[in-house]
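Trainee: I would like a close look at a single part of this model. Please take me through one helix and what it touches or bonds to.

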Amino acid sequence: MPAAAARVPMSNVRLIIGFAVAIALFGVLALAWQQGLFGDPARTPGGQAARQRELAVLPGKPGSEPIVQPSLDPLTALNQNAAVPFVKGPITPARAFNFTGSAADRLQATECLALTAMAEAGGSDPGQRAVIQVVLNRVRHPAFPKTICGVVFQGSERATGCQFTYTCDGSLARRYPDVAWQAARKRAREALDGYVYKPVGLATHYHTNWVYPYWSPSLDKVAQVDTHLFFRWRGFWGTPAAVQSRYRGGEPSFTALVQQVQVPDPLASESAMDAASEAADVAKVGSLAAGKTAGELVIPHPDGGAFLVGLKPGTGASGAVAMARRLCGGNGYCRVMAWADRSAVPRGYPVPPQARNRISMSYVLDDQNRETIEFDCALFKGTPAGQCRGGPEALPVDKK
């Protein structure tokens with residue numbers, strides 16, 4: 001006869017059951033913590049009033065104050081940003097966006113998202129998707145407007161306090177080619193249809209690593225995409241429980257919003273290209289994070305529209321042009337200023353006159369896909385006279 005099965009002592013059964021119940025309870029508590037239920041001030045004495053008081057004083061909440069320390073040089077800002085650690089633990093992705101507006105709302109929202117993606121992230125696919133995700137996260141957060149264009153153009157009527165700098169620093173004068181618009185609109189439509197860019201989680205803030213906003217160390221740094229750092233609020237206000245406001249619909253007119261911003265008239269200056277680029281150059285500082293590429297010191301403009309370059313030794317005229325074309329990538333207006341003497345490369349915008357006077361090569365790709373190239377012909381021997389700085393005016397030519 002087979003041996004009788006050994007009986008498990010009742011004390012062991014109770015221990016196993018107790019252990020299973022503890023694991024289940026821990027899971028429930030962990031989920032509640034992740035969803036922000038413990039940190040929700042509405043669940044503490046004072047309820048909704050406590051929630052609103054906390055919401056009103058969140059660091060980095062939209063207002064009239066400038067977000068950047070103007071006296072902080074880019075290298076110091078870069079180092080301070082590097083000293084702020086990324087938050088530990090998993091990054092909770094946002095829920096898929098539920099667009100409930102009309103067909104007209106969808107058209108306006110798509111345009112606002114596409115323009116913001118291009119102006120803030122250049123032609124970068126992950127960069128554009130990250131920016132779009134932040135806009136949608138803001139729409140669903142009680143600290144921000146409840147329309148997409150409302151979020152994008154919030155504060156644009158002020159010289160300081162605009163939430164997306166391109167809406168108030170003159171960058172609206174830039175023009176983008178059709179291919180760039182088509183790509184950005186595709187990403188915008190995908191996000192409105194529910195695509196979630198998970199790496200930035202519930203981020204409602206971001207900035208380039210060449211500035212250091214006052215609120216930066218007070219929020220959780222969750223991700224870096226290209227030269228942008230992404231942040232969420234701490235506690236309840238950075239959890240899924242907070243990011244659940246409903247999209248309101250009734251999008252304002254994209255065209256009217258653009259027209260209400262005072263954009264410099266490019267026809268009033270000597271050159272339409274200079275007007276568009278200088279407005280952006282003066283307002284922004286190049287990032288120092290790109291480091292060296294093939295022996296070159298490359299300091300890109302945050303939106304990808306301009307580059308300051310220290311050429312590697314021995315670079316010839318054709319090599320300098322090839323470098324500029326590689327950096328610009330044929331994606332809309334772009335300017336490259338390069339110096340053979342790397343000590344002359346400025347560390348940010350605006351480029352001072354003494355640095356401009358020492359430029360070795362200047363390259364501009366306009367919004368009609370035409371190139372204008374100028375060289376210091378004392379350095380680049382054999383360059384055609386029409387491409388010498390200080391010589392006959394260089395005329396743009398269609399890019400081959």
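Mentor: What follows is a walk around helix α4, with a short look at the disulfides. Keep in mind that this is a predicted model.

Start with the helix itself. Helix α4 covers residues 103-121, and its axis comes within 8 Å of the axis of helix α7, residues 178-192. The two axes cross at roughly 120°. That angle makes α4 oblique to α7. The crossing is right-handed.

Now look at who makes the contact. From α4 come Arg106, Ala109, Thr110, Glu111, Leu113, Ala114, Leu115 and Met118. From α7 come Ala180, Trp181, Ala184, Arg185, Ala188, Arg189 and Leu192. Sort these contact residues by type and you get 10 nonpolar, 1 polar and 4 charged.

Next, turn to Cys112. A disulfide is a covalent bond between the sulfur atoms of two cysteines. Cys112 forms one with Cys149, and their sulfur atoms lie 2.0 Å apart. The S-S torsion is about 105°, so this disulfide is right-handed. The bond links distant parts of the chain: Cys112 sits in helix α4, while Cys149 sits in helix α6, residues 148-152. The two cysteines are 37 residues apart. Both Cys112 and Cys149 are buried.

The whole structure holds 2 disulfides. Away from α4, Cys377 is joined to Cys388, with an S to S distance of 1.9 Å. Its torsion is -100°, and the link is left-handed. Cys377 and Cys388 both lie in the loop between β9 and β10, 11 residues apart. Cys377 is buried, and so is Cys388.

Terms used
Residues are numbered from 1 along each chain as its sequence is written. This is a predicted model: local features need pLDDT of at least 70, side-chain atom pairs count only at pLDDT 80 or more; totals for chains, interfaces and linings use all residues. Side-chain values use heavy atoms; hydrogens and water are left out. Axes are lines fitted to C-alpha atoms, for helices over the stretch in contact, and angles run from 0 to 180 degrees between N-to-C directions. Helices (H or I, at least four residues) and strands (E, at least two) are DSSP runs, numbered from the N terminus. Angles under 35 degrees count as roughly parallel, over 145 as roughly antiparallel, 65 to 115 as roughly perpendicular and the rest as oblique. A crossing is left-handed if the near helix is turned anticlockwise from the far one by less than a right angle, and right-handed if clockwise. Contact means heavy atoms within 4.5 Å. Ala, Val, Leu, Ile, Met, Phe, Trp, Tyr, Cys and Pro count as nonpolar, Asp, Glu, Lys and Arg as charged, and the others, Gly among them, as polar. A disulfide is a pair of cysteine sulfur atoms within 2.5 Å. Buried means under 20% relative accessible area, exposed over 50%, partly exposed in between (1.4 Å probe, protein chains only).
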